[in-house]
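Let's take a friendly walk through one protein model, looking at its turns, its packing and its charged pairs. Keep the picture open beside you as you read.

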Amino acid sequence: MKVSERRACRALGQHRSTQRKAPRGRNDEAALTADLVELAERYGRYGYRKISALLKAAGWLVNDKRVERIWRREGLKIPARQPKRGRIWDGDGSCLRLRAEHRDHVWSYDFVEARTHEGRKFRMLNVVDEFTRECLAIRVARKLKAADVIDVLSDLFILRGVPGHIRSDNGPEFIAKSVQAWITGVGARTAYIAPGSPWENGYVESFNARLRDELLNGEIFYTLVSAR
């Protein structure tokens with residue numbers, strides 16, 4: 001086609017300089033891409049914003065937009081934005097979901113299982129403040145029973161005071177009469193989730209998932225002491 005450059009660019013709405021100036025990448029593009037991909041492989045649950053923060057901590061002078069551009073170009077995972085969940089309402093309009101309104105209002109706890117190098121199991125009891133998202137305690141032992149649950153909570157109550165509610169699933173260690181009586185006796189309330197509904201205990205479940213991805217799946221514990 002015998003069409004001038006000026007006329008073709010005008011028809012396409014494109015500036016003429018794009019036909020004359022070859023795009024040049026930055027001198028540090030390859031090194032930055034290599035570091036970004038390495039961090040993305042190491043921290044599989046992180047999105048580009050957290051990876052950008054790690055790059056800055058490592059000394060890179062880079063903004064989030066550039067990291068996002070490289071992230072998309074390399075085809076790395078982009079976490080989908082989660083819709084905000086509303087409260088769960090009953091048919092009569094009463095609210096079923098208890099939400100933390102301040103620090104030490106609602107604590108939640110749950111167990112995580114892992115193994116030492118020789119294949120023996122150990123358990124971790126994790127306690128999380130739902131308002132601050134803070135992990136208050138992690139107790140590690142081969143076996144954890146109702147007495148151990150009371151022991152962990154008693155230490156926390158001394159340090160932080162008694163919370164308003166303690167949320168858990170219906171595991172035998174949590175619904176034991178000794179645990180219920182002790183929690184009620186110190187002035188707190190139990191908040192058990194519906195059976196088979198782990199999403200109702202979402203804060204501690206989310207913490208447990210990150211703990212497994214970022215620690216348990218990446219470390220070898222040869223002894224129980226090293227796990228602690």
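Between strand 1 and strand 2 there is a hairpin with 5 residues between the strands, and here G119 takes a positive phi near 100°. Helices (H or I, at least four residues) and strands (E, at least two) are DSSP runs, numbered from the N terminus. In the hairpin of strand 2 and strand 3, 4 residues lie between the strands, and R133 takes a positive phi near 65°.

A word on what you are looking at: this is a predicted model, in which local features need pLDDT of at least 70 and side-chain atom pairs count only at pLDDT 80 or more, while totals for chains, interfaces and linings use all residues. Residues are numbered from 1 along each chain as its sequence is written, and side-chain values use heavy atoms, with hydrogens and water left out.

How are the strands joined? Two strands pair if DSSP finds at least two bridges between them. Strand 1 and strand 2 run antiparallel and are joined by 9 bridges. Strand 2 also pairs with strand 3, again in the antiparallel sense, over 7 bridges. You can find L125 by its partners: F111 stands opposite L125 in strand 2, and L125 stands opposite R139 in strand 3.

Is strand 2 mostly covered or mostly open? In strand 2, 8 of the 9 residues are buried; buried means under 20% relative accessible area, exposed over 50%, and partly exposed in between (1.4 Å probe, protein chains only).

Now for the packing. In soluble globular proteins, nonpolar side chains tend to be buried together. A nonpolar core is a set of buried Ala, Val, Leu, Ile, Met, Phe, Trp, Tyr and Cys residues joined through side-chain atoms within 4.5 Å. The largest one here has 22 residues, and those with the most contacts inside it are Y109, L125, V127, V149 and V179. Strand 1 (106-115), strand 2 (121-129), strand 3 (134-141), helix 5 (146-160) and helix 7 (177-185) each give two or more residues to this core. Helix 5 provides the largest share, 7 residues. Apart from this core lies another, of 13 residues, among them A40, W60, V62 and I70.

Look at L125 once more. Leaving aside neighbours within four places in sequence, its contacts (heavy atoms within 4.5 Å) include Y109, F111, I138, V149 and F174.

Side chains of opposite charge can pair when their charged atoms come close. A salt bridge is a side-chain nitrogen of Lys or Arg within 4 Å of a carboxyl oxygen of Asp or Glu, and by this rule the count comes to 19. Here are some of them:

| Pair | Closest N to O |
|---|---|
| R69 and E29 | 3.3 Å |
| E38 and R42 | 3.2 Å |
| E118 and R142 | 3.5 Å |

R69 lies in helix 4 (residues 64-73) and E29 in helix 2 (residues 29-42), so this pair ties together parts that are 40 residues apart in sequence. R69 is partly exposed, at 41% relative accessible area, whereas E29 is buried, at 13%. Both belong to a network of salt bridges that links D28, E29, R66, R69, R73 and E74.

E38 and R42 are 4 residues apart in helix 2, so about one helical turn separates them.

How many disulfides (pairs of cysteine sulfur atoms within 2.5 Å) does a search of the whole structure find? The search finds 0. C9 counts as buried, at 7% relative accessibility, and C135 as partly exposed, at 26%.

Definitions and conventions. Disulfide = S-S within 2.5 Å.
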